[in-house]
Amino acid sequence: MTRPVAVITDTAEVDPEPGLRLLSEAGFEARLVGSRDPEAIAAAAHDAVALIVGYARIDAALLDRLPAVRMLATMSAGIDMIDVPEAERRGLWVANLPDAATEDVAVHALAQALALVRRLPQADALVRGGGWSDDVTEVPRRTSEVTLGLLGFGRIARTLARVAAPLFGRVIAHDPHATGRPEGVELVDLDTLIADADVLSLHIPSTPRTKGMIDGPLLARMRPGSVFVNVARGDLVDPGALLTAIDDGPLAGAALDVFPTEPPAADDPLRTHPRLLLSPHSAFLTDASLHAYATDPARNVIAWWTTGRPNTPVTGPATTPAPGTTPRQGAPA
């Protein structure tokens, strides 16, 4: 009996071997492309029933060349690399990893926020330049007198709120989809969030509606001396407006883990601005998260094949039989 084919497109930092091994043990023919190039993906996955996707763009043009694909599993919480409306139109399952690095990203955001509030980048530069404490020109604020604002209140933001609440004087959040009354967090409207936050931490998905949301007018409404943290997606922020807000506006600094283009060009001013604290899209990065990114997408594919539904679906057909039980596809050997 022909084995079903599952293809891993690109993996970036993730070792694909554990995922490939799980798929093979479950009866799949598992293939690795190792590329975001649509031509390479189309060639390797022409007969695949499932794709596991890192950063490769999965759009209508590519799906037209993959007629057997019924399942798309991402190696991240984000799904912006997939044309989800097109996947829905075709009746495909899309699954992500909502919890693989929740703690890691939340802690990274907290570390960046505290570094900015404590003016650690400036302190580091001062000492490296030969200065000492009597040369300090920017006195940090006590964190218990600082308001942490969260734009978006999903899993990562909620974890950040929990670990940050004992340190900050006030934690506020805005998310039109948030429900309930989270302990220690005030849910506020967007205008209040922007006006009151001393630290604004971004935790929203990239969608056509949210791209470029952090623009000049919004940044201009922030508090004097405030700081900005982005561990979400780079295209949510207008980079020119961010630099203007730091040079000529209210921001004292910003921390970026994500960028509009990754990696940014060598001459990108985001790389060199002294008031930017940067990390290379590594907020998720721990030994535990790397293992989850390698194995959990494979488990989503296996669960879909054996039960008809992935473990952590984002969207999919309203009803579907288990693919492994249908006469057309057959069960994994």
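In helix H5 of this predicted model, the buried residues are Thr102, Asp104, Val105, Ala106, His108, Ala109, Leu110, Gln112, Ala113, Ala115, Leu116 and Val117. That makes twelve of the 16 residues, so H5 is largely enclosed by the rest of the structure. The helix covers residues 102–117 and spans 23 Å from its first C-alpha to its last, close to the 22 Å expected at 1.5 Å a residue.

Right after H5 comes arginine 119, with a positive phi near 60 degrees. This residue sits in the loop that leads from H5 to helix H6 (120–128). Despite the charged side chain one might look for at the surface, arginine 119 is buried, at a relative accessible area of 15%, where the cut-off for buried is under 20%. Leaving out residues up to four places away in sequence, arginine 119 touches Glu138, Pro140, Gly225, Val227 and Ala252.

Two of those partners lead over to the sheet. Val227 falls within strand S10 (residues 226–230) and Ala252 within strand S11 (residues 251–256), a parallel pair joined by five bridges. In this pair, phenylalanine 228 stands opposite alanine 254 of S11. Helix H10 (residues 239–247) packs on the sheet here, touching S10, S11 and S12, and its direction makes about 145 degrees with that of S11.

As for the sheet as a whole, seven strands line up in the order S8-S7-S6-S9-S10-S11-S12, with parallel pairing, and the sheet is open. Its edges are strand S8 (186–187) and strand S12 (276–278); each has a single partner strand, so one side of each goes without a neighbour in the sheet. Elsewhere on the sheet, helix H7 (residues 155–164) lies across strand S6 (147–151), strand S7 (170–174) and strand S9 (199–202), and runs at about 170 degrees to S6.

Then there is the nonpolar packing. In soluble globular proteins, nonpolar side chains tend to be buried together. Here the largest nonpolar core has 53 residues, and the members touching the most others are Leu150, Val199 and Val301. Helix H12 (residues 287–307) is the top contributor to this core, giving eight residues. Setting aside neighbours within four places in sequence, valine 301 has contacts with Ala6, Leu23, Phe28, Ala50, Ile52, Met71 and Ala73. A second core, separate from that one, holds 27 residues, among them Leu193, Ile194, Ala241 and Leu243.

Terms used. Residues are numbered from 1 along each chain as its sequence is written. This is a predicted model: local features need pLDDT of at least 70, side-chain atom pairs count only at pLDDT 80 or more; totals for chains, interfaces and linings use all residues. Side-chain values use heavy atoms; hydrogens and water are left out. A nonpolar core is a set of buried Ala, Val, Leu, Ile, Met, Phe, Trp, Tyr and Cys residues joined through side-chain atoms within 4.5 Å. Buried means under 20% relative accessible area, exposed over 50%, partly exposed in between (1.4 Å probe, protein chains only). Helices (H or I, at least four residues) and strands (E, at least two) are DSSP runs, numbered from the N terminus. Contact means heavy atoms within 4.5 Å. Two strands pair if DSSP finds at least two bridges between them. Axes are lines fitted to C-alpha atoms, for helices over the stretch in contact, and angles run from 0 to 180 degrees between N-to-C directions. The expected span of a helix is 1.5 Å times one less than its number of residues.
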